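The following exercises concern a predicted model. Each task is followed by a worked solution.

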Amino acid sequence: MRLKNNWLLFIIFHVLFMGVWGALIEIPEKNGFPATLGYVVWALTMVPAAIIALKINNWKLQTNSSSIFWGCLTGFLGALGQLVLFITLKIAPAYLVFPLLSLTPVVTILMAVVLLKEKTGPIGWIGIVVALLAIVMLSYQPESDATVDGYLWMVLTAVPLLAWGSQGYVMRFANKKMSAESLFFYMMISSLLLIPVALWMTNFDEPINYGIDGPWLAGSIQILNAFGALFLVYAFRYGKAIIVAPMTTALSPVLTVALSLAIYSVIPHNIIIGGMVLSIVAAFLMGVEETHVDETKTEEELSIK
């Protein structure tokens, strides 16, 4: 009962944790701790969060083949996005990357429309159009702006964008077949399974910072992501989706961008700022539309029963 009454706190904690995490994750890499090893640290921080989730669920874990498949697939997509994100932040600052990543609902909605033949409303299509405009504006690079060189960062950002958008699509199936705690557990397992890949990608011939401001700082930052994701699970379980989805989709990137700009002490070009604002607006619109579609489907299913 206590958890149910605190759903708004779960939203607040999720936004705070994920917003701060997004602004800080590139710091250990800049201190000499490779991005690939940053992934390893992140995967390990998923373990305590998954253990706490199982404890909350009285250690009940679904082990049927369907739960394992959908849970691991959901986790693999999330882990793949994380792995590439660490590499992306090596060449582009968070205040440019995260506005684009806030557009993951574009991928989720388009996959649902194309593959499931679902219909999205006018709000969803407006959000998609605004998102496309935001991408064009974020890609603007005035000659005087030496923050990022070229467009490789946008190509790399597209990987977690597509992976996390697909994860949202897959999660539609997973949530219907298994408990949230079991889903989170298999997400943790999937992240651990990709650790050998991250280690293989690491160049151990280069100097690596194993000090306090390396892996230990990375761990203290990555734990924010792990528990931020867990807070989101319970926010959706006990809160109203029509409130949870737009707030979590839009507010976390806002906090990340604000903190990142403060850390870098820079003011981007007005066109890029406009792209950031539009991306957050698009994320909010699509969050509202996704929630509306889900609630409409639920009502239709209940009426059929």
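**Exercise 1.** Identify the residues with the most contacts inside the largest nonpolar core, and the helix that contributes the largest share of this core.

*Solution.* The largest nonpolar core comprises 72 residues. Within this core, Trp21, Ile25, Tyr39, Leu85, Val97 and Phe98 have the most contacts. Helix H4 (residues 35-56) supplies the largest share, namely twelve residues.

**Exercise 2.** List the residues that Ile25 touches, leaving out those up to four places away in sequence.

*Solution.* Begin with the role of Ile25 in the core: Ile25 is among the residues with the most contacts inside it. Next, leave out residues up to four places away in sequence; the residues that Ile25 touches are then Leu85, Phe86, Leu89, Phe98, Ile221 and Gln222.

**Exercise 3.** Determine whether Leu9 is buried, partly exposed or exposed, and place Leu9 in its helix and surface patch.

*Solution.* Leu9 lies in helix H2, which spans residues 7-24. The relative accessible area of Leu9 is 39%. Buried requires under 20% and exposed requires over 50%; Leu9 is therefore partly exposed. Together with Leu8, Ile12, Phe13 and Leu16, Leu9 forms a nonpolar surface patch with about 400 Å² of accessible area in total.

**Exercise 4.** Describe the protein as a whole in terms of secondary structure, burial, contacts and exposed surface.

*Solution.* First, the secondary structure consists of 14 helices and zero strands. Second, 51% of the 305 residues count as buried. Third, among contacts between residues at least 6 apart in sequence, 89% join residues at least 24 apart. Finally, the protein exposes about 14700 Å², of which carbon and sulfur atoms supply 70%.

Definitions and conventions. Residues numbered from 1 in each chain as written. Predicted model: local features only at pLDDT ≥ 70, side-chain atom pairs only at ≥ 80, totals over all residues. Heavy atoms only, no water. Patch = residues over 30% accessible without salt bridge, like charges linked within 9 Å, V, L, I, M, F, W, Y side chains within 5 Å. Areas by Shrake-Rupley, 256 points an atom, 1.4 Å probe, with all protein chains shown as cover. Salt bridge = Lys/Arg side-chain N within 4 Å of Asp/Glu carboxyl O. Helix = DSSP H or I, 4+ residues; strand = E, 2+ residues; numbered from the N terminus. Buried < 20%, exposed > 50% of the residue type's maximum accessible area, 1.4 Å probe, protein only. Contact = heavy atoms within 4.5 Å. Core = buried A, V, L, I, M, F, W, Y, C linked by side-chain atoms within 4.5 Å.
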